[in-house]
Amino acid sequence: MAFSAKSSQGAMADINVTPLVDVMLVLLIIFMVTMPIQSVPVDVDLPQKTDKPPENPKEPPEPIRLRIDASGAVFWNDSPADVNALQKRMLEEVARDPSNQPELQIETNDQAEYGVLAKVLASAKNAEMAKIGFVQN
């Protein structure tokens, strides 16, 4: 607090902000402690520990290269493919050997629409493809 030697000035107009800052810091700490931490659960399938390893590890099949260009056209191993027929092709690949699926490598152009990629990912999920990777161009 500031005191002056002259008493003829009247009431002091300066506000002492130190108690105000102390109260605000205490309130901030209380709100930080009592605020619930918001977290979004993410499902991740982690490998589980087993006592015996697989007897004959299989050679992984050739990966599937899926490319989406700027116009939204989809190419399955460099041959044009219809977006609506992708799920059927993916189901056929998974049905060959469900335990040893090929990896789906998706490469998109920077100018490609997200809707086409969303359809491709939905088809892969519905076909239960387990190995999906994104390739940078």
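The radius of gyration used here is taken over C-alpha atoms, and the globule rule it is compared with is 2.2 Å times the number of residues to the power 0.38. With that in hand, welcome to the tour. This is a predicted model, in which local features need pLDDT of at least 70 and side-chain atom pairs count only at pLDDT 80 or more, while totals for chains, interfaces and linings use all residues. Residues are numbered from 1 along each chain as its sequence is written, and side-chain values use heavy atoms, with hydrogens and water left out.

**Stop 1: the whole chain**

Start by showing the full protein chain. Its radius of gyration is 31 Å, whereas a compact globule of 137 residues would have one near 14 Å. Turn the C-alpha trace about: along its principal axes, the trace spans about 95 × 50 × 25 Å.

Now colour by secondary structure. You will find three helices and five strands, where helices (H or I, at least four residues) and strands (E, at least two) are DSSP runs, numbered from the N terminus. Walking from the N terminus, the order of elements is α-β-β-β-α-β-α-β.

Switch on the surface next. The accessible area of the chain is about 11,600 Å², and 57% of that belongs to carbon and sulfur atoms; such areas come from the Shrake-Rupley method with a 1.4 Å probe, and for residues only the protein chains shown count as cover. Of the 137 residues, 20% are buried (buried means under 20% relative accessible area, exposed over 50%, partly exposed in between, with a 1.4 Å probe and protein chains only).

**Stop 2: two helices that meet**

Select helix α2 (residues 86-96) together with α3; their axes come within 9 Å and cross at roughly 35 degrees. Here axes are lines fitted to C-alpha atoms, for helices over the stretch in contact, and angles run from 0 to 180 degrees between N-to-C directions.

Which residues make the contact? Show L86, Q87, M90 and L91 on α2, with V120, S123, A124 and N126 on α3; contact means heavy atoms within 4.5 Å.

**Stop 3: V116**

Stay on helix α3 and pick V116. Is V116 buried or exposed? V116 is buried, at a relative accessible area of 14%. Leaving aside residues up to four places away in sequence, V116 touches I68, G72, V74 and V83. For contrast, draw a line from V116 to Q48: these two are 68 residues apart in sequence and 34 Å apart in space, C-alpha to C-alpha.

**Stop 4: two loop residues**

Jump to N77, in the loop between β2 (74-76) and β3 (79-81). N77 is not a glycine, yet its phi is positive, at about 50 degrees. With a relative accessible area of 31%, N77 is partly exposed.

Finish at E128, in the loop between α3 (114-126) and β5 (132-135). What is the phi of E128? The value is near 60 degrees, positive in a residue other than glycine. E128 is exposed, at 62% relative accessibility.
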